[in-house]
Each structure stands twice: as C-alpha cells, then as structure tokens.
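Biologist: I would like a close look at one part of this model: the place where the two chains meet and the packed interior around it. Please take me through it residue by residue where you can.

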Amino acid sequence: MNSIAKKRNFITIFTKGDIFSKLSYIVLGLANIRNGQIGKGLLFALMQALYITFMVLAGGRNLANLTTLGESLQHMEFNEAIGIYEVKPGDNSMLILLYGVVAVVISVAFIALWLFSIHSGENARVRRKSGKHVNSLVEDIRSLTNENVHMLLLSLPVLGLSTFTVMPLFYMILMAFTNYDQEHQPPGNLFDWVGLENFGKLLSAGDRLSATFWPVLGWTLIWGFAATFTCYFGGMVLAMIINSKGIKFKKFWRTIFVITMAIPSFITLRVVATMLGERGIFNVLLQQWGFTVKALPFLSNTTWARFSVILVNFWIGVPVTMLMVSGILMNIPEELYESAKLDGAGPFTMFRKITFPYMWFVTTPYLIANLISNFNNFNTIYFMTGGEPNTLEYFKGAGKTDLLVTWLYKLTKDSNDYNLAATIGIIIFAISAVFTLISFSRSGAMKNEEGFQ
Amino acid sequence: MNRKTVIGLNLDYQLKSLIGAVIGVVSLLLPFARTGEKSYSAISLFGRLISSDASSKAVVLLYAAVVLTVISLLLGALSAVKTTVQGIKAWMVIQAVATAAWTLLMFSTKSILEKAGLANGFLNKDLMAGYFIGLVAAYFTLVMVMKMTKTNVGYIALTILGIIWMFPILWIVLTAFRAEQGYYVGYFIPHGFTFDNFLKLFSADAVLPFRRWWVNTLIVAAASCVCNTLIVLGTSFTLSRTRFTGRKAFMNVLMIIGMFPGFMSLIAVYNILKGLGLNQSLLALIIVGAAGAAMGYHVSKGFFDTIPKAIDEAAIIDGASRLQIFTHITLPLSKSIIVYTVLGAFLGAWSDYIFPSMLFGDKQSSYTVAVGLYWLTDFRRIDTYYTQFAAGAVIVAVPIVILFIWLQRFYVEGLSGSVKG
C-alpha cells in the first residue's frame, strides 16, 4: 500500500483532497471512479445505495424503536362487526430489540465500508498523481490471493462471527439493561430499559437474588481452582510416571487413560451420574463390599455432591493434562536430570527443582485459560448433577452445585429471566477478563526472563 | 562390609524385602477380622474355610493371600541363600499376585465371611490389625523386591489407577451387553449377555429413531469437519503468517468475545435462525458451528508460529503468492495440526449438546446422537432405556476411541506445539 495514503487519516484526506475526494465522503466511490477505478467505485456506490434503501425501508424505524422498545401493549378490543372481543397484537419488545441490533450492526459495517472507501479513493488519487499504476478491479481481486490474502481468508470467519456471535452477544448484553423477566414476556407484555437495576439486585446485599448470587459465585471460584489444580497436578504426576524410564508399553498405558477422553463427555458424565445415584452401582457395590450399610448421598448431600463433581472432573480432566504435559516433559533437557543425579538429588528434589519449575514456566498461560474454562465448565455440572441438590436458601432455581453458567442456563431455559441471565453473563465476562489480564501480565514477565535454563 | 553383587540386581533392598515378607507372614497370625465378640486370624479362617463347603468363590482370594504370603517368604529366604536374577523375579511375581489378593480382600471379606456363616452384617470397619498390617507389608515387600530387580515402581500406581479409570467404562460396556433390562441392578457383572440392545436400537421398527440420529450426527460431523477445519486453518494461517492492519485488533476482539459464556447468546442465535427460516434444521447446526469455528484458532496458530519464517520468504522470492504458500508449503508441513483440528471438529459434533437441544426442541427426527441419548437418560425413561442408552453410548464411543488411539500421536504433537509457541 502507498505510504502517503497510509499516513493520512480521514480528516486530512478531506482537507488535502480534490473535489472528488471531498464528494466521495457523501457519495461513496466517486474518488475511485475519478481516478480510474471505475468498477471498484461503482461497487462502493452500489453498497451505499443498498444501505440507504435498507435504512429507509426498515432500518431507520428499527433504530428509532430501540429507544422505547415498543409502546402499544397487546390488548382486547371489541369487534362490533362480529360482536366479540378480539386480541389486538401489540409491539413485541424482543423483536424490536433484535431488529434494532441488526440495524446497528449493519450501520457499523457500513461505517467501516465508508472509511475503507475513503482510504481506497485517496490511495488511487495519490498513485495516479504520482504517475504510478492504479490497480484495476481485476488486479484488486487477484491481490486477494497474495498481499491481501487476509481479506480472502478472514472474510468468511468475520461474516460468520458477526452474524452468529457478535450480533447475538450484543443483543444479550443489551438485555442486561432491560426488565425482560418472567413478568415481562413478549408478545403479551412489553419490557423496557431499566439501566443498571439488574446489577444492583444481584450485587447489593439484602436482596434475595444477591443472597443466591454470592454463594453461587463463591462455589464457582472454589470449583474453578479445585478442578484446575487437582487435574493439573494429577495429570503431571501421571505423565511423569508413564514417561519415566523403565515403564514399558507406554502407548498402552496412555491409551487406557485416553479412552475416557475420547468418549464424548456427556456420555461418561451421564453414566457416572447414574452410577452415583442412590441405587446406582457404586452404592450397590459399596454395600456388597461391606464399606457402608446405608446408601451414600453422593449427589444428594451438598458437601458430598461438591466432592463428587470435583472427583469426577478429576477422572475426566487428568488424561487431558497428561497428554499435554507428556509433550512438554520430553522437551526438558536430559542433562539437567543427569547433573542433578550426579549432585545426589532424589526423585522428589528433581521434581521440585527441575520438573515443576519448568512445567510451571511453560504452562502458566494454559493453566489460567484452564481456570477460566473451569469457571465456565457447564458440561460437568449440568450432566452430573444438573445443579442439584436443590435448596430453599437459593432463589430462582439455583442449586447447591450450580455454577454461574449453569444458573445462567437455567434462568434462560426454565424461568425465562433473560435479564438476569444476561447480567450474570456480563459478570462472568468480568471475572474472565480479570484472570486473562493476570495471565497477560504473567506471560509478559516471562518473555523478559527469556527462557528457563 | 562384604557385599554380594549380582548383575541386574540391587541388593541394597534385600534385607528390607525379607523383613517385609516376615511381617507379612506374622500378620497372618494376628487377628484378621472380628465378628461380634470373636475375632479370627487369617490362618484360622483359612483352616475353617478349607474344611467347610459352604463358601463363595471369593474365598480363593483368602487362600491366595495366605498361601502366597508364605511362599513369598520361602522364596525370599531361598534367594538370600542363593541369589539369582530368576529367583528374585519369581519372588516379585508371587509377591505381586499376593499383593493383589490382599487388596481385593478388602472388597470380598464380607461375602467370604457371610457365605461361610461366620458373620452377619459384616462391615469393613471390623477388619483388624492383622489385615492392615498384612496389606501394608505386602505393598512394602513388593516395592522393595521391585527396587531390587530395578523394575519401575510406577507399574503399581499405573495398575491401580488404570483399574479406577476403566471401571466406569467397563460398566457402560457390560450394561450395553446386559440381557436384564432396567437401571437398578444389584450386581456388576450381568447375569446374561445379549446383542439385543444394539439390534433394538437399529431395528427398523424401533420406537427410538436412533438410526436417524446416527445419520444426522454423521452428516453434521462430516460437514463440520470440512467447514470448521478450513475456517480454523485459514484464520490461523492469516493471523500467524501475514501482517496487516487490524490484525492485533481482530485477535483482541476474538479474545473478548471468548470471555463471554458461549451459550449466553444462544437465544438470540435461535431467533436469528428463525428469522432466516433455518430453525430445527441440521444446516443451522453446521452453519452456526462453522461461524464460530474461528474462535478456536489458538492451537493451530501456535503451531504455525513454529514453522520458520525463512521458508515463506524463500517462496516469495520464487514468486509464490501468499495463498500458494498456504496451500503448498504451510499445510503440507502441518499434518499433525490438521489431524488435530479435524478430530476436534468431529468430536465436537458428537458431543455438542446444548445448542442442538435448544435448536431442535421436541423435533425428535432431527436430534443428534448427543441430544437423543441425553433424552434417554431423563428420569422418566432411564429405567426402560438404560441398557439401550449404554448400547448407544458404546456405538458412539467405539469409532471415536479407535480414531483417537490411531491419531494420538498427532494429538500430542498438536497440543504440545501450541504450548511451545
């Protein structure tokens, strides 16, 4: 790309440009057409025409509706012709919000196109003025396989992400600031903006919701740390045993553990959940083996259930860590161990002084990513306990093993409190963001260390 | 001190092994278990049980523990007189079996004693010092003998852990072949074996459209293998090997999106799909999967980062375009990461539950296997369908396990490559 055009921003392009450049701020693509890129210029103009048509036909109204989220309520009206009351449909706040979000996203995309066309026009102008070759449309398309390959390869992901991830996410985030709960369900009812009220209810002390939120958050954090570190150390120890010298049939041993990983987790989790039930096989066997007289409340007592899910997660998570760690263990320089052995270090000292610091150094980012994904470990909890045991202490369907995410899911699926679900989603985001920032500062420090030796 | 030396053995542990073996034999004479007022030693139990005929099969374990512990001491004494590698190895094998018997006694003493009419309502807390000393001595001796033969002690841990890890899986497999229907059975090993559970799932007149679910999942899995892999590899190649304005910003946006819980937006996705007229269709599942696939670029980007830049530069000098570098140079060098990504996409289709369950609602004919199988484990249906559920689980698991074992090497390489980067 031309360096002069690159230095300009969209204000300087306007002040320095000719009349076509200035006009292309209003009619997209004029500068391109003037400077020999007729096809490209027409394309820009066409896109603009499409956008304006969309806004006139629907988008403008959708955006305007966003401020109120609908005003006319569904109501009964007397139809004199037939002589009965009829349902008159009112506004559907949910659809208004959704269409509004679509209009916003399309507008943002248009602004991006606008900026892009201005830069592209300026680029063409500068090149033409300095007598360089101006790319034709065909050449531009051909450049997609070369210097602009990112546009080719990323266009599909960007399109997909903005339609099915960014837009829905934006929609749900907005929902956190509405009162779209059980009592405000469209189409029968309208919902409206309420500002930060939902956050207030969840976070402030004294509210019934906050009396549920804080304990659930506490268990989420405990679970996250317990699940991550048990699997991390378990997997590391297992990998060290399998990879240690003198163990034959390494592949066989690895396979035994990897099988749990290969079976889809919802199957193993459902099976283990049925095995842990009051009349499940574990209780049957424990009684037959003489360990206990009564059935143990593996999943029905709060403390038992919490330990059970951590244990089952250990069973599922250790092989994953084991596989990952195996690769890293092989990278530890063998000389370190040999010289340690010469100095008379035992296996435990070697682990403490060599293996563990090395692993810790390499895997910190992985560990933090793992921690975040465990805070959001929907599968284990949902398929194992479904959040049970239930309790009267908690509000809105939360159970004693519910994490924030599973509670979020219940709020959307069972009680339709979308506003609370969205608020919890934002809080989860905040927690994840904090840990990610920690991870970043850690890995920055590590880069300066420049390798463990 | 005048030490004997034998090549292949470490005789420093011989004395400890012998002490362990002696303690093992002594423990046979100590009280083993109590029933009511009375307590028995292992030897006295041995004597009583061998002469009575009302005994369970598990009594073999008691015999084995007693006999092998004695033999172990004899072998130990023998090898102290004349130390040979074969002698110690034989001792190790005997001791290993004895240790297994001692361990299993913890699970079978109840049935041994009750079948023999010696106890009623026996609990393991009635096991006495004789048992626990014997157990510890068995492990101690085994470890010492293994150290003597320079065998890795890790085998003991691996065996125990392996059994624990395989236990639930064995249960699924056994249940899948169980002839007796129902969820609540009071025994581990089925009384009758049958293939019916599998046949029922696939029979044409089955109540459950399992065949349909299976085909649906296969379609989704195959399609998302292709789409997701192309998108993930394309994205990570671009982010790893090319530099362009907005690259960092793009990665940051992806990271921020990734910090929101994924299914928070499912309701909205569902409404959008409804607007597009795609709800309750398999196509929607494939499209949504592919649309979000780019989020998982990290592992393959990390892998691409490890390929030297010089290769690309040389290719550019030779006149290759970026796209050609991707298809002709980077991809052929990245077999393990391709396999990793394909495998991930394939597995994802089999195990994804939340979105399909929300998407399909009660439209059973488009369920995937995951949704269908989960539907079977609902408490209203679990008793009727438990064995069929297990059979379905086995059918799903077998191909994946085979794939996994076959491609394990690539999986490890792909993962560790990413961590290095």
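Modeller: What follows goes from the contact between the chains to the core, then to single helices and residues. The model is predicted, and everything below should be read with that in mind.

The contact between the chains comes first. On the chain A side 77 residues take part, and they are in contact with 75 residues of chain B. Helix H8 of chain A, residues 149-175, supplies the largest share of the chain A side, with 16 residues. By residue type, that side of chain A divides into 51 nonpolar, 23 polar and three charged residues.

Next comes the interior. The largest nonpolar core has 154 residues, and those with the most contacts inside it are Tyr171(A), Leu404(A), Leu408(A) and Ala393(B). Helix H10 of chain A, residues 208-243, gives the most to this core, namely 12 residues. Both domain 1 (2-195) and domain 2 (201-447) of chain A contribute residues, so the core lies between them. Ala393(B) shows contacts to both chains: apart from neighbours within four places in sequence, Ala393(B) is in contact with Ile267(A) and Val271(A), and also with Ile172(B) and Leu373(B). A second core, separate from this one, has 37 residues, including Phe32(B), Leu49(B), Trp102(B) and Leu127(B).

The two domains of chain A can also be described directly. The domain assignment places domain 1 at 2-195 and domain 2 at 201-447. Their C-alpha centres lie 42 Å apart. Direct contact between them involves 10 residues of domain 1 and 10 residues of domain 2. The domain 1 side of that contact divides into five nonpolar, four polar and one charged.

Within domain 2, three buried residues of chain A are worth following. Thr268(A) sits in helix H12 of chain A, residues 265-275. It has 25 C-beta neighbours inside 10 Å and therefore counts as buried, the threshold being 20 or more. Not counting residues up to four places away in sequence, Thr268(A) touches Thr260(A), Ile263(A) and Ile316(A) in chain A and Pro168(B) in chain B. Thr268(A) and Thr380(A) are 112 residues apart in sequence, while their C-alpha atoms are 9.8 Å apart in space.

Val258(A) belongs to helix H11 of chain A. Val258(A) is buried, with 21 other C-beta atoms within 10 Å. Contacts of Val258(A) beyond four places in sequence are Pro319(A) and Leu323(A), together with Phe404(B) and Gln408(B) of the other chain. The C-alpha atoms of Val258(A) and Val320(A) are separated by 7.6 Å, although the two residues are 62 apart along the chain.

Val312(A) is placed in helix H14 of chain A, residues 302-331. With 23 C-beta neighbours inside 10 Å, Val312(A) also counts as buried. Leaving aside neighbours within four places in sequence, Val312(A) is in contact with Val272(A), Thr380(A) and Met384(A). The C-alpha atoms of Val312(A) and Tyr418(A), 106 residues apart along the chain, are separated by 31 Å.

Chain B has a helix that can be read face by face. Helix H14 of chain B, residues 322-333, has 12 residues and reaches 15 Å from its first C-alpha to its last, close to the 16 Å expected at 1.5 Å a residue. Its buried residues are Arg322(B), Ile325(B), Phe326(B) and Thr330(B). Seen down the axis of H14(B), these residues fall within an arc of 95°, so they line one face of the helix. The face turned away from the buried side carries the exposed residues His328(B) and Pro332(B). What covers the buried residues of H14(B) includes H8 of chain A, along with helices H8 (210-241), H12 (298-305) and H13 (309-317) of chain B.

Two loop residues complete the picture. Phe249(A) lies in the loop between H10 and helix H11 (250-262) of chain A. Its phi is positive, about 55°, although Phe249(A) is not a glycine. Phe249(A) is exposed, with 12 other C-beta atoms within 10 Å. In chain B, Lys150(B) is in the loop between helix H5 (129-148) and helix H6 (154-176). Phi of Lys150(B) is near 60°, again a positive value in a residue other than glycine. Lys150(B) is exposed, with 11 other C-beta atoms within 10 Å.

Notes
Residues numbered from 1 in each chain as written. Chains lettered and ligands numbered in written order. Predicted model: local features only at pLDDT ≥ 70, side-chain atom pairs only at ≥ 80, totals over all residues. Core = buried A, V, L, I, M, F, W, Y, C linked by C-beta atoms within 7 Å. Helix = DSSP H or I, 4+ residues; strand = E, 2+ residues; numbered from the N terminus. Domains from an automatic or database assignment. Contact = placed C-beta atoms within 7 Å. Nonpolar A, V, L, I, M, F, W, Y, C, P; charged D, E, K, R; others polar. Expected span 1.5 Å × (residues − 1). Arc of directions from axis to C-beta.
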